[in-house]
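Here's a quick briefing to read alongside the model. Have a look at the fold first, then we'll go through it topic by topic.

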Amino acid sequence: MKNTFEIFKKSLSDVSLYRDASEAPLQNSIRYYLKVIFLLSLFATLIFGVLAVPQGVRFMKEEALLLVQEKYPSDLVVTFKNGEASTNSVSPSFIQGEKKTLSTLFKDDVIENIFVIDTEREYTREAFDSYNTFALLAKHDIVMRRTEGGVVVQSLRSFPEMTVASTTLVGFVKGVNDSIVFLVVLSLVIVFVLLLVGYLMYLVPLALFALIPFFLAWIKNIPLTYRGAYKMSVYAVVPGLVLKTVFNLGGVLAVPAYFPLLIFMLVIFLVMKRLEQ
C-alpha cells in the first residue's frame with residue numbers, strides 16, 4: 001500500500017515515472033491501476049456504510065413499520081398492470097413522513113411527504129415539486145428525489161403485475177427487519193462491486209484518450225509508441241479518479257463521470273511539456 005501511495009504521488013507530475021512506464025510491461029500499469037481502484041472502492045464503500053447504513057437500519061427498525069401502519073391508508077390498494085398503476089380510491093393519496101426522518105435526509109425543510117400516490121396523472125416535474133414529496137407514484141412512472149438534488153424517474157413498464165395493500169407492506173417491512181444483517185452486508189457488497197466496475201470502465205475510453213500523449217509526442221518529436229502512450233495514460237487518469245471520489249463523498253461538488261478524463265488531460269500536458277525539456 002505504501003508503494004502504491006508513492007507511485008500515486010509521482011503520477012501527479014513526475015516525468016521519470018511516465019518515462020519508465022512507457023517502456024515497462026503493460027501489466028505493471030494495470031496492476032497499479034487495479035490496486036488503486038480496489039482501495040478507492042473499499043474506501044468509498046466504508047464511507048457509505050458509516051454514513052448511510054446506520055440511518056437506514058434505524059429507519060427500518062424504528063420508523064418503517066409505524067409509518068406503514070399509521071400513515072398508509074388501510075383501505076388503499078395499488079394495482080400494477082401492463083406498465084400502469086391504478087388505485088381503488090380517488091388520487092392523490094399523501095403519506096406523510098416523520099419530521100425527524102425528513103430533516104435527516106433533507107436540510108431545506110421543503111419535503112413534507114415520504115410518498116404521494118397520484119395514478120390519475122402522468123409525471124411532470126412541476127407536479128412532483130408541488131407535492132413536496134420524497135417519492136411519487138404516477139400513472140406510468142415512479143419518481144424519487146435525490147438527496148443531492150434532482151430526481152430519478154423509473155418507468156413502470158418493467159414492473160411485474162401485482163397488487164399492493166397495507167398488509168403487503170407490513171409483511172415486507174417485517175421481512176426486511178428479520179433479514180437486516182444479511183441485507184446490509186449484501187448492499188455493501190453490491191456498492192463495492194458497482195464502484196469497482198465503474199472504475200474499470202475508465203480503461204475503455206483511455207484507449208482513445210491515449211492518442212493525446214501519442215500525438216503530442218509525435219508533434220514534439222519525442223519517441224513514443226501508442227502502447228507506451230496507453231501505459232502512461234493508465235497512470236495519468238488515477239489522480240482524477242481520486243479527486244472525483246473525494247468530491248463525491250464529501251458532497252462538495254456534483255462531479256460528472258468525465259471529470260477524471262479532464263484531470264488526465266491536464267496531467268498529460270504537464271508531463272509532455274516536461275518531457276520536451
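Which residues does Y33 touch, leaving out those up to four places away in sequence? In this predicted model, the list runs Y199, L200, Y202, L203, V234, V237, V238 and L241. Y33 also turns up among the best-connected members of the largest nonpolar core, so let's start there.

**Nonpolar cores**
- The largest core has 40 residues, and Y18, Y33, L206, L241 and M272 touch the most other members.
- Helices α1 (2-11), α2 (15-23), α3 (26-51), α9 (203-209), α10 (211-219), α11 (226-236), α12 (238-250) and α13 (259-276) each put in at least two residues.
- α13 gives the largest share of this core, with 9 residues.
- There's also a second, separate core of 20 residues, with V68, Y72, V173 and V176 among them.

**Overall shape**
- You'll find 13 helices and 8 strands in the protein.
- The C-alpha atoms fill a box of roughly 75 × 35 × 35 Å along the principal axes.
- The radius of gyration is 25 Å, whereas a compact globule of 277 residues would come out near 19 Å.

**Packing and contacts**
- Some 39% of the 277 residues count as buried.
- Take the contacts between residues at least 6 apart in sequence: 59% of them join residues at least 24 apart.

**Surface and charge**
- Accessible surface adds up to about 15,800 Å², and carbon and sulfur atoms account for 65% of it.
- Side chains include 26 positive and 23 negative ones, with the centres of the two sets 12 Å apart.

Conventions:
Residues are numbered from 1 along each chain as its sequence is written. This is a predicted model: local features need pLDDT of at least 70, side-chain atom pairs count only at pLDDT 80 or more; totals for chains, interfaces and linings use all residues. Side-chain values use heavy atoms; hydrogens and water are left out. Helices (H or I, at least four residues) and strands (E, at least two) are DSSP runs, numbered from the N terminus. The radius of gyration is taken over C-alpha atoms; the globule rule is 2.2 Å times the number of residues to the power 0.38. Buried means under 20% relative accessible area, exposed over 50%, partly exposed in between (1.4 Å probe, protein chains only). Contact means heavy atoms within 4.5 Å. Accessible areas come from the Shrake-Rupley method with a 1.4 Å probe; for residues, only the protein chains shown count as cover. Lys and Arg count as positive and Asp and Glu as negative; His and the chain ends are not counted. The place of a charge is taken as NZ of Lys, CZ of Arg, CG of Asp or CD of Glu. A nonpolar core is a set of buried Ala, Val, Leu, Ile, Met, Phe, Trp, Tyr and Cys residues joined through side-chain atoms within 4.5 Å.
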